[in-house]
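This report was prepared for a reader who wishes to connect annotated positions with their surroundings in a structural model. The sequence and the model are shown first.

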Amino acid sequence: MNIPVTWLYVPGDRPERFAKAAASGADVVILDLEDAVAPVRKDEARANAAAYLRERRERPGGPAVHVRLNDLATERGQADLGAVGDLADAVRLPKVESPGVLDMLGAAPAYALLESAAGIVAAGDIAAHPRVAGVALGEQDLAAELSITDESAMNHLRLRVVLAAAAAGLPPVPMSVYPNIKDEAGLLASCLAGRALGLFGRTAIHPRQIPVIRRAFRPTDEETARAAEIVEAAEQAGRSGTGAVALPDGRFVDAPIVARARRTVELARRLAGPPPAGD
């Protein structure tokens, strides 16, 4: 399974942007019914999302489409879930602070957004819930609640969520949005720093951010060459019937290293060119 690298938010009250988002090259389009929509337009946004998802069923193809709901502890969030829960490829739940809220879900896979101190403390239990397909950080809300201005403090919280996801067998945690759409150098540097922490991929708020995110998470030529060497050694060992995988420089590598090398080679192939146009 290909793990998404780019996730693009689009406000639910801007239906004229839905098709453009799907054609942007993002791996996942997120129709946002929560923060990006003013309260007076939230019912309209819900109706727009449901209509688009019903239409999409008649024309399959393109990127996955998720919907960020309003808080499930509210009537509005429950109405969102009832309207789109069976239509979206997955739902994104804001402000998840305990696994109990996840028991309200139906069949749709859910991505839990950890945006508070309580959510971080409960990250392990939330990630382990059987309805959770992935977890992510809501960093702006979290930083505001904790009055964090030091990047190293935020890195500590990021690592806690990376660890919780890995322990639960979930996909890697994508990075939170980078709010300045004109600062491509800053976005690239931020992505590279997150990648070093074990984060993978990133949510975007504008299509122009997608190529930068892809570039940041694409393996370097050196990483790709090294991974290809490991894969070739593993295949040669398999053909010869030997259990151990020996590299040309005399070092031996075990199965997890080989598996990671295969993922690196595949990721380099996926990200070698420009973003694919959606349907």
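The text below moves from the whole chain to the annotated sites and then to selected residues and one helix.

## The chain as a whole

The model discussed here is predicted. The chain contains 11 helices and 9 strands. Its radius of gyration is 20 Å, close to the 19 Å that the globule rule gives for 279 residues, so the chain is as compact as a globular protein of that length. The C-alpha trace spans about 65 × 40 × 40 Å along its principal axes.

Of the 279 residues in the chain, 46% are buried. The accessible surface comes to about 13500 Å², and carbon and sulfur atoms account for 55% of that surface. When contacts between residues at least 6 apart in sequence are considered, 62% of them join residues at least 24 apart.

An unreviewed UniProt entry lists residues 7-207 under "domain: HpcH/HpaI aldolase/citrate lyase". This span is 40% helix and 16% strand, and its end C-alpha atoms lie 10 Å apart.

## The annotated binding sites

Which residues does the UniProt annotation "binding site" cover together with Asp 141? In the unreviewed entry, one such annotation covers Glu 115 and Asp 141. These residues span 27 residues in sequence, yet their C-alpha atoms are no more than 5.7 Å apart, so they gather at one spot. Both Glu 115 and Asp 141 are included in the lining of the second largest pocket.

For "binding site", the unreviewed UniProt entry also lists Arg 68 and Glu 115. Here the span is 48 residues in sequence, yet the C-alpha atoms are no more than 13.6 Å apart, so this pair too is described as gathering at one spot. The lining of the second largest pocket includes Arg 68 and Glu 115.

Glu 115 is located in the loop between strand S5 (110-114) and helix H4 (117-121). The residue is buried, with a relative accessible area of 6%. Its side chain reaches the backbone nitrogen of Lys 95 at 2.7 Å. Beyond its neighbours within four places in sequence, Glu 115 is in contact with Pro 94, Lys 95, Gly 138, Asp 141, Leu 142 and Glu 145.

Asp 141 belongs to helix H6 (residues 139-146). Is Asp 141 buried or partly exposed? Asp 141 is partly exposed, because its relative accessible area of 31% falls between the limits of 20% for buried and 50% for exposed. Outside its neighbours within four places in sequence, Asp 141 is in contact with Asp 35, Lys 95 and Glu 115. Lys 95 thus appears in the contacts of Glu 115 and in those of Asp 141.

Arg 68 is part of strand S3 and is buried, with a relative accessible area of 9%. Its contacts, with neighbours within four places in sequence left aside, include Asp 32, Glu 34, Asp 35, Arg 92 and Leu 113. Asp 35 is accordingly a contact of Arg 68 and of Asp 141.

## Other residues

Strand S3 (residues 64-68) also holds His 66. His 66 is buried at a relative accessible area of 5%. Leaving aside neighbours within four places in sequence, its contacts include Trp 7, Ile 30, Asp 89, Arg 92 and Tyr 111.

Ser 116 is found in the loop between S5 and H4. The side chain of Ser 116 makes a polar contact with the side chain of Glu 97 at 2.7 Å. With neighbours within four places in sequence left aside, Ser 116 is in contact with Glu 97, Leu 142 and Glu 145.

Glu 232 is situated in helix H10 (residues 221-240). Glu 232 and Ala 261 are 29 residues apart in sequence and 9.9 Å apart in space, C-alpha to C-alpha.

The table gathers the relative accessible areas.

| Residue | Relative accessible area | Class |
|---|---|---|
| His 66 | 5% | buried |
| Arg 68 | 9% | buried |
| Glu 115 | 6% | buried |
| Ser 116 | 6% | buried |
| Asp 141 | 31% | partly exposed |
| Glu 232 | 39% | partly exposed |

## Helix H9

In helix H9 (residues 210-217), 6 of the 8 residues are buried, so the helix is largely enclosed by the rest of the structure. The buried residues are Ile 210, Val 212, Ile 213, Arg 214, Ala 216 and Phe 217. Their cover includes strand S1 (6-11), helix H8 (184-196), strand S7 (202-204) and helix H11 (255-270).

Definitions and conventions: Residues numbered from 1 in each chain as written. Predicted model: local features only at pLDDT ≥ 70, side-chain atom pairs only at ≥ 80, totals over all residues. Heavy atoms only, no water. UniProt positions renumbered as here; feature names shortened; annotations may be inferred. 1 Å grid on protein atoms, 1.4 Å probe; cavity = no way out; pocket = protein on both sides within 12 Å on 5 of 7 lines; lining within 4 Å. Helix = DSSP H or I, 4+ residues; strand = E, 2+ residues; numbered from the N terminus. Buried < 20%, exposed > 50% of the residue type's maximum accessible area, 1.4 Å probe, protein only. Contact = heavy atoms within 4.5 Å. Polar contact = N/O pair within 3.5 Å; in protein donor to acceptor, adjacent residues only side chain to side chain. Rg over C-alpha atoms; globule rule 2.2 N^0.38 Å. Areas by Shrake-Rupley, 256 points an atom, 1.4 Å probe, with all protein chains shown as cover.
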